[in-house]
Amino acid sequence: MYSLDYDEVTSFLGDWGPFQVTIFILLSLSTVPNGYTGMAMVFLADTPSYRCRTSHWNGSAASLEHTWGTCSQVPALNGSSNGTGLCVDGWEYSTERYESTIVTEWDLVCENSWKVPFSLSIFFLGVLSGSFVSGELSDRFGRKVVLFATMAIQTLSSLIQVTSVSWEMFCVFFFLTGIGQISNYMAAFVLGCELLGKNLRVVYSVLGTCVFYALGYALLPLCAYLLRSWRLLLTVLSLPGLLYIPLWWFIPESPRWLLAKGRVQEAEDIIRAAARRNGITPPEVIFKGSDFLLSESRAKNSDVSYTYMDLIRTPKMRHITLLNGVVWFIITITYFGLSLSTPNMNGDPYLNCLLSALMEITAYVLAWILLKLLPRRALITGPLLSAGLVLLLIHVVPPDYSGVTVALAMGAKLGVTAAFSVLYISAVEQFPTVVRGMGMGVCSMCSKTGSTLAPFFPYFGHYDRILPYILMGALTVLAGLLSILMPETRGSPLPEDLSQVQTLNWCCGCCRPACSRRSCKTEKAHKLPPAV
């Protein structure tokens, strides 16, 4: 839409001024609760040792210990039970590790054990719904409005969830929490990428949102270790959301989005305020009087309104959308499948969860370092293929070598997490400004479709210890192979309209001109008139 490059026009602001530092820190901090909101179910819904509650017992205390983990009634004193009946008196649970979880609260064991992974799937269904609506809302009403509205939804729903009197009520508000969680994360991610210059985009994407997300994840096992009651733990994890209310007065709207909507004066006011904050005298004319003024006039006169259909309207845009959707779907299954498997691994669940979070932080730092040296595509394909192969190797590890299994799983988590962080950057750089919010929303929607299925992968481990790793390994290798098709975006300016979208990497050198000609013919009808 713009003939002038936004990053070039605003380059006078510099890179690391007070304005950029403030935006970087505040938006990064807003992602901390997202790191533990969904993953808290590792402890909120963990299943302690359980057995049928017995009013009368005619055996020894030693033999009673062998009844842990049984779903049938043990012989009573009067001999009325044959040991195969249902637990008519309910269950009793070990309090060695937890005072209470939602499992002990509502007896989610035996015939009700399916409700445990389904509870988290309900959350991810909320995340899926949020991904679907938040992208269009973000493109229509602004990044900032959606960010704070959905942060409020997440915080209030989580606080109400603490008061749940039934499993059904818990799930309803967990669904609403999921809607808010992904919506504010994606809004913060896109807003930061658009507010900060291209030199800070990678730093913000990896060391900002991703590392702070991982820090939130790392706080989870520490809080869970100190707070063994699920209601108390959830309360403590929910309250920090109230601290973000004052940020409304410190975080501006995206000037890129304002320009795309033809609101040039508002965008210019924000840039001038940023210049004052950095102690810089801005030029007399920033956006107005040049091609941006014409862009504003075009936007108002044509009244262009973009919808999700624009993500599949042109061949190049359609290919970008479908490829990213498939890769995001697969990679999320592995990411959450490994993260949710920490209680099932041998050893202390708190330590395993902390180790998993530290692997994420390590992955993000490594990704940030390598992004300076290697192309985006290589940093997605390489880690995914390596992680998939490592997961497939787990089936040859003997059961007695559980430490090796944990090490391989953590190594795979490192690779998947690193690839995921780069995938976020690559996707932002592939989708043009006019549909970037919707594009990232569709990617997130596909991602959360995968995360809805992910809780059942660790659940499969109750039947076959190796099956989850084989499934996740095969899917991860497939995602790595598909990622080879992604266009390389390193060093490229952010595309502004549909005509600037890159072609997939599947055309060979001899046929690429033909591919480009076919794409251009289709897209001419969707390109705005050139500036004159």
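Me: Buried residues make up 56% of the 532 residues in the protein. What makes a residue count as buried here?

Reply: Buried means a relative accessible area under 20%, exposed means over 50%, and partly exposed lies in between, using a 1.4 Å probe and protein chains only. This is a predicted model, in which local features need pLDDT of at least 70 and side-chain atom pairs count only at pLDDT 80 or more, while totals for chains, interfaces and linings use all residues. Residues are numbered from 1 along each chain as its sequence is written, and side-chain values use heavy atoms, leaving out hydrogens and water.

Me: How many helices and strands are there, and what makes a stretch count as one?

Reply: The protein has 22 helices and two strands. Both are DSSP runs numbered from the N terminus: helices are H or I with at least four residues, strands are E with at least two.

Me: Let's try a residue. Why is Pro117 called buried?

Reply: Its relative accessibility is 6%, which is under the limit, so Pro117 counts as buried. You will find Pro117 in helix 7, residues 115-141. Leaving aside residues up to four places away in sequence, Pro117 touches Pro455, Phe456 and Tyr459, where contact means heavy atoms within 4.5 Å. Pro117 and Phe457 are 340 residues apart in sequence, with 9.2 Å between their C-alpha atoms.

Me: And Phe457: buried or exposed?

Reply: Phe457 has 10% relative accessibility, so the label is buried. Phe457 lies in helix 20, residues 456-460. Beyond residues up to four places away in sequence, Phe457 touches Ile333, Pro468, Leu471, Met472 and Leu475. From C-alpha to C-alpha, Phe457 and Leu338 are 8.8 Å apart, although 119 residues separate them in sequence.

Me: How do you know which label fits Asp107 and which fits Cys110?

Reply: Set each value against the cut-offs. Asp107 has a relative accessible area of 26%, so the label is partly exposed, whereas Cys110 has 15% and is therefore buried. Asp107 sits in the loop between helix 6 (102-106) and helix 7, and Cys110 is in the loop between helix 6 and helix 7. Phi is near 55° in Asp107, a positive value in a residue other than glycine. For Cys110, phi is near 55°, again positive in a residue that is not glycine.

Me: What makes the length of helix 8 agree with expectation?

Reply: The expected span of a helix is 1.5 Å times one less than its number of residues. Helix 8 (residues 143-161) has 19 residues, so it should span 27 Å, and its end C-alpha atoms are 27 Å apart, which agrees. Buried residues of helix 8 include Val146, Leu147, Phe148 and Met151.

Me: How far does helix 16 reach?

Reply: Helix 16 (residues 349-371) has 23 residues and reaches 33 Å between its first and last C-alpha, close to the expected 33 Å. Among its buried residues are Tyr350, Cys353, Ala357, Glu360, Tyr364 and Ala367. An α-helix has 3.6 residues a turn, so residues three or four places apart point the same way. The buried residues of helix 16 pack against helix 4 (41-44), helix 10 (198-226), helix 15 (315-339), helix 17 (376-393) and helix 18 (402-430).

Me: Why is Glu360 called buried?

Reply: Glu360 has 0% relative accessibility, so it counts as buried. Not counting residues up to four places away in sequence, Glu360 touches Tyr213, Ala214, Tyr217, Tyr335, Ser339, Lys413 and Thr417.

Me: Why are helix 17 and helix 21 called roughly antiparallel?

Reply: Helix 17 and helix 21 (residues 467-482) pack at about 160°, with axes 7 Å apart. Axes are lines fitted to C-alpha atoms over the stretch in contact, and angles run from 0 to 180 degrees between N-to-C directions. Under 35 degrees is roughly parallel, over 145 roughly antiparallel, 65 to 115 roughly perpendicular and the rest oblique. The pair is therefore roughly antiparallel. Their contact includes Leu384 and Leu385 of helix 17 and Met472 and Val477 of helix 21.

Me: What about helix 7 and helix 19?

Reply: Helix 7 and helix 19 (residues 436-453) pack at about 175°, with axes 7 Å apart, which makes them roughly antiparallel. Among the residues that meet are Phe124 and Leu128 in helix 7 and Met438 and Met445 in helix 19.
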